Amino acid sequence: MAVMSLSAAERFLSLLALLAGVIAVAVVVLRVVPAGRATLSQLAPASRWLAFAIAATAMAGSLYFSEVHEFEPCKLCWYQRIAMFSSAIVLLVAALRRDRNARWYVVPLAGAGIVVSIYHYLLEWYPQLETGACSVSVPCTAVWYREFGFVTLSFSALCGFAAILALMLFVPQAGGVTDVTDAIDDAIVAAGPDQEARHGQATEPSVPTGTPSR
Amino acid sequence: MAKQPNRPSRPAPRAADAAGATSRRSSLLWLWVALGVVVVLLAGFAILSAGDDEELTVGTTVPAGDGATDGTGDGATETTGGGQIAEAWPVEITGTALVQLPRDGDDPALGTTAPGLSGFGFDGTPVAVDPSEGPVMLVFLAHWCPHCNREIPELNALRDGGGLPADLQVVGIATGTDPNAENFPPSEWIPRMDWTWPVIADSPDYLAASAFGLSGFPFTVILDTDGTVLDRWSGEIGRDGIAERVAAALG
């Protein structure tokens, strides 16, 4: 980021937010179109890492503006940060563990986040919804920038949450929480039937559990 | 041993699985590569297309000579820049600052004498608030504040429709100026909003705003001809609200 001016960074992060928005729309379209299901299944192993990348980028961008350029976050910004920062951490762990249950933790976080983002974005266009004056401290109604005339920080968060929700809800989740035992099973299967026989283990049960549970 | 016949058939599905996994891995690799390329392209576009960063420019002044005509009295200053445009200028406050307008309840500043205020327009033109020439309405405005952006057209409507007393002197104070926020610079924002009354550019530390007890944006103060505070309010109240409060204050 050091090579970028603030205005370039604002534009870059706005473009990334739009990219996340495109990903969200693309996932929804693939889910709706019958032919798209197969593509989504292909995407499955990457969905958690992709969702993590989106949350981590949003978190890094948010911290860049607040810590480097001293954009002080307003109250609603903080609520969105709580959801986005937590999502980033949960998604990292979920991606590392190949946890197919990640959606149970991430969807509530991102769902709460997107509700706040939508309200915040509405407030930026219709400030009279909440108050009649901008507070002296950090008013939620004021925006730092409106890139391309419509991309604000809350809109960027909205795109990020939408992409995370789409990836978590509409992409079939692969993997399993028992990743460690899966690895052991995979190792036994990879060793081949002769190895299994030599270990004197019943071969039949090990085959189904050893098959990647996708 | 009974399972023996099955054995030869096993490698086939495993090979198919392996082939499927390999193709999936390679298509996912392409996905990440494509995403990486897109991100790099977006970064390049952003760097090349973005404008320069804004900075707060502060006007410089020197003590006025004998020919000072800005009517600010002792300690008057004039500009040295010769037409330089600056978003913030030094302001001069005389007298006692007003307490901050409380959120609720009566305003303790009503009936007290407001401090004197003089400063400069964005181009360095001296602007002094002089109630002796008629009652004054000070309107403190922040370029990034959506409520200010909504209230200015309301004031303009009153101006154009004759909804304000003819002798009322309206003075805008551009304060809260932040080069990182929306609509910067205010020297371009004020004319774009069709604000035609005089404007004082507040100092970088918002001295004028704090001297009048600003509690939010926009912030309005009405002064009588002797400098007494007749009314203060924070926030947008619309053209009817403004007309009513001005009429009530000036009796």
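Modeller: Two strands pair if DSSP finds at least two bridges between them. Keep that in mind for this model, which is predicted.

Colleague: How many bridges join β6(B) to β10(B)?

Modeller: Strand β6 spans residues 136–141 of chain B. Its direction is antiparallel to that of β10(B). Pairing takes at least two bridges. Here the count is five.

Colleague: Which residue of β10(B) stands opposite Val136(B)?

Modeller: Val136(B) lies in β6(B), which covers residues 136–141. Its opposite number in β10(B) is Leu223(B).

Colleague: In β11(B), what is the bridge partner of Ile222(B)?

Modeller: β10(B) also pairs with β11(B), residues 229–234, in the antiparallel sense over five bridges. Within that pairing, Ile222(B) is matched with Asp231(B).

Colleague: Which residue takes a positive phi in the hairpin of β10(B) and β11(B)?

Modeller: Five residues lie between the two strands of this hairpin. The positive phi is near 85 degrees. The residue that takes it is Gly227(B).

Colleague: Are the residues on the two faces of β10(B) buried or exposed?

Modeller: Buried means under 20% relative accessible area. One side carries Phe219(B), Val221(B) and Leu223(B); the other carries Thr220(B) and Ile222(B). Five of the strand's five residues meet the cut-off. On both faces, then, they are buried.

Colleague: Now the interface. What area is buried between chain B and chain A?

Modeller: The contact involves 39 residues of chain B and 45 residues of chain A. Carbon and sulfur atoms give 65% of the buried area. The area itself is about 3,400 Å².

Colleague: Which residue of chain A forms a salt bridge with Glu182(B)?

Modeller: The count between the two chains is one salt bridge. The closest N and O atoms are 2.5 Å apart, inside the 4 Å cut-off. The partner of Glu182(B) is Arg146(A).

Colleague: Which element gives the largest share of the side of chain B that touches chain A?

Modeller: Between the chains, 10 residue pairs are in polar contact, both residues at pLDDT 80 or more. On the chain B side, α1 (11–49), α2 (146–161) and β9 (216–217) each give two or more residues. The largest share is 16 residues, and it comes from α1(B).

Colleague: How many residues on that side of chain B are nonpolar?

Modeller: Nine are polar and 12 are charged. The nonpolar count is 18.

Colleague: In β9(B), what is the bridge partner of Cys134(A)?

Modeller: Strand β1(A), residues 134–135, and β9(B) run antiparallel and are joined by two bridges. Cys134(A) is matched there with Phe217(B).

How values were computed. Residues numbered from 1 in each chain as written. Chains lettered and ligands numbered in written order. Predicted model: local features only at pLDDT ≥ 70, side-chain atom pairs only at ≥ 80, totals over all residues. Heavy atoms only, no water. Contact = heavy atoms within 4.5 Å. Buried area = accessible area lost by both parts, 1.4 Å probe. Salt bridge = Lys/Arg side-chain N within 4 Å of Asp/Glu carboxyl O. Polar contact = N/O pair within 3.5 Å; in protein donor to acceptor, adjacent residues only side chain to side chain. Helix = DSSP H or I, 4+ residues; strand = E, 2+ residues; numbered from the N terminus. Nonpolar A, V, L, I, M, F, W, Y, C, P; charged D, E, K, R; others polar. Buried < 20%, exposed > 50% of the residue type's maximum accessible area, 1.4 Å probe, protein only.
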